[in-house]
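The exercises below are to be worked with the sequence and the model side by side. Each task is followed by its solution in steps.

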Amino acid sequence: MTSLTIRNPATGKVIQEVPVTPAEEVARAVERARTAQSGWAARTTRERGAALIRFRNAIRDHAEELVESIVRETGKVPQEALMMEILGTTDLITYFARRASRILRPRRIGIHFYPTRQSTLHYVPRGVIGILSPWNFPLAIPIGQASMALMAGNAVVLKPSELTPLVALQAKRLYDQAGLPPDLFQVVTGDASTGAALVRSPVNQVFFTGSVAAGKKVAAVCAERLVPVVLELGGKAPALVFEDADLERTAAALAWGAFANAGQVCASVERVYVHEGVHDALAGALAREVKALRVGPPGRDVDVGSMTKPQQIERVAQLVDGAVRDGAKVLCGGRRREGPGLFYEPTLLDECPKDSEILRNEIFGPVLPIASFRSEEEAIELANQSNLGLLAYVFTEDRARGQRVARRIEAGTVMVNDVLSTFAFPETPWFGLKESGLGLVHSDEGLKQMCQVRHVHDERFRPFRKELWWYPYSTRKLERFFRAYRWLYTWLYR
Ligand code: NAD
């Protein structure tokens, strides 16, 4: 394969051919990035922040064009392109450009029983970071990660999804226009084999966002190369709706959480478990919300656009058909729209058997299955019945219950009475438990993960010419050590 044919998923029409970067060129890109990185790492964090703010301003000044490109390449609606991709990215760059020097400031550690000594942790850039990204947020995911990596003093080589390379290439042009070092951030294009070439190249850390299956393959190569890898993989977010929830607000939140981006969000609400006492009321409110959604070619007055990946709409159709065979009741939707474009009707499935595939496997499309529970214990058990653990949601007006239930759900993030939005808050971490991933992105901790830690240990003052535990050993020394040992753990640290 020498080129990728990029199509508009809402029309099926070809937008552009994009050349595939050969494997040798991927390796050369990494080499050039490494050369550029040494000069970049020598700049102060404040200087790097000022450069990143110029990149942010270029994104801000070209927001309309970026919205158009995102809409054309993904089929999502413009409101979501602006809100979920551009706004979040702009804010993330601003946050880290302003805060990185504080976050990455060397950290002093005192030694509790030996005050003559001290340690300092220094956060040093790792070198070249390879980023592999999916198609559902072609700007927010890769450019957010790349901007953080650059702020930490690294260079970046990005391999965007084979379905959506144009947005990444446009971001790269804006980066160049902003006058940042061109080789410091590069984009290589192609499919999984180009991604594999990047993972095998001498990058110093890999950020992979995508499917569990591909993530495991990437992790295996990173293990062989002994380079750190951060994996952001699939999700099967449950929403638990308790009998005291505000049902109108909950239905509106669930509709948005399940159908935004046509349900193609790793954090999408993928299954609702509702208390049997309010099941009918919630199902009715949800059906009203979902029936009111306007579906169609992405425009200003459309709520749900097209899906992005042809194989994905087929998978969604198979899952829905399977659920219906298992006994689920279709409350609305349930079919693909006729005509061009990847449009699947927003679908609500009720009375889904608790072991059905639709409640177990990631759907990644505009489908929301519902089942009911009898007790808090059962709700928590159902929520945890998954190999995935990215996001989970709890709806209740009882704040103590919200906290109590949230802490028992096996998910990286549990939100109470809200959905999806923490991805847009740069100070909060984004990560999955179980097979949803390893490591984290975003947050101050995420920025530190993009650095190597160098531990320097030195002396504050020198009370003895030689340390007490050095040679020579003797019976007297041993006895003194025994005495000191007993004194420490009998009296000092009781
Ligand atoms: P994918 O795994 O097919 O591809 C992701 C990226 O990795 C693409 O750029 C692809 O070309 C590349 N790739 C695939 N196989 C590779 C390999 N063996 N070596 C190197 N690179 C390889 O995933 P996708 O279909 O693009 O994305 C959908 C999945 O991503 C869903 O499961 C979704 O939940 C997940 N996702 C997770 C998050 C998160 O933050 N946890 C965010 C968005 C999407």
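**Preliminaries**

This is a predicted model, in which local features need pLDDT of at least 70, side-chain atom pairs count only at pLDDT 80 or more, and totals for chains, interfaces and linings use all residues. Residues are numbered from 1 along each chain as its sequence is written, and side-chain values use heavy atoms, with hydrogens and water left out.

**Exercise 1. State what the buried residues of helix H11 pack against, then check the length of H11.**

Step 1. The packing partners are strand S13 (347-350), helix H12 (357-360) and strand S14 (367-373). Helices (H or I, at least four residues) and strands (E, at least two) are DSSP runs, numbered from the N terminus. Contact means heavy atoms within 4.5 Å.

Step 2. The residues of H11 that do this are Gln312, Ile313, Val316, Leu319, Val320, Gly322 and Ala323. Buried means under 20% relative accessible area, exposed over 50%, and partly exposed in between (1.4 Å probe, protein chains only).

Step 3. H11 covers residues 310-326, 17 in number, and reaches 25 Å from its first C-alpha to its last, close to the 24 Å expected. The expected span is 1.5 Å times one less than the number of residues.

Step 4. After H11 comes Gly327, with a positive phi near 115 degrees.

**Exercise 2. Apply the length check to helix H5, then list its buried residues.**

Step 1. The twelve residues of H5 (140-151) should span 16 Å at 1.5 Å a residue, and the end C-alpha atoms are 16 Å apart, which agrees.

Step 2. Twelve of the twelve residues of H5 are buried. They are Ala140, Ile141, Pro142, Ile143, Gly144, Gln145, Ala146, Ser147, Met148, Ala149, Leu150 and Met151.

Step 3. Just after H5, Gly153 has a positive phi of about 95 degrees.

**Exercise 3. Describe the surroundings of Gln205.**

Step 1. Gln205 is placed in strand S8 (residues 205-209) and is buried, at a relative accessible area of 2%.

Step 2. With neighbours within four places in sequence left aside, the contacts of Gln205 are Arg126, Val128, Ile129, Gly130, Pro228, Val230, Gln449 and Met450.

Step 3. The Gln205 side chain reaches the backbone oxygen of Gln449 at 3.1 Å. A polar contact is a pair of N or O atoms within 3.5 Å; within protein, one must be able to donate a hydrogen and the other to accept it, and residues adjacent in sequence count only if both atoms are side-chain atoms.

**Exercise 4. How many disulfides does the structure hold?**

Step 1. The number is zero, where a disulfide is a pair of cysteine sulfur atoms within 2.5 Å.

Step 2. For Cys222, the nearest cysteine sulfur is that of Cys451, 18 Å away. Cys222 is buried, with a relative accessible area of 2%.

Step 3. Cys352 forms no such bond because its sulfur is 12 Å from the closest cysteine sulfur, in Cys332, which is too far. Cys352 is also buried, at 5% relative accessibility.

**Exercise 5. Which residues are closest to the ligand, and what polar side-chain atoms lie by its oxygen atoms?**

Step 1. Of the 31 residues that surround the ligand (a heavy atom within 4 Å), the closest are Lys159, Glu162, Ser211, Leu233 and Glu362.

Step 2. Polar side-chain atoms lie 2.6 Å from a ligand oxygen atom for Glu162 and 2.9 Å for Trp135. For Lys309, a side-chain N or O atom is 3.4 Å from an oxygen atom of the ligand.

Step 3. Taken alone, the ligand exposes 850 Å², and the protein buries 90% of that. The areas come from the Shrake-Rupley method with a 1.4 Å probe; for residues, only the protein chains shown count as cover.
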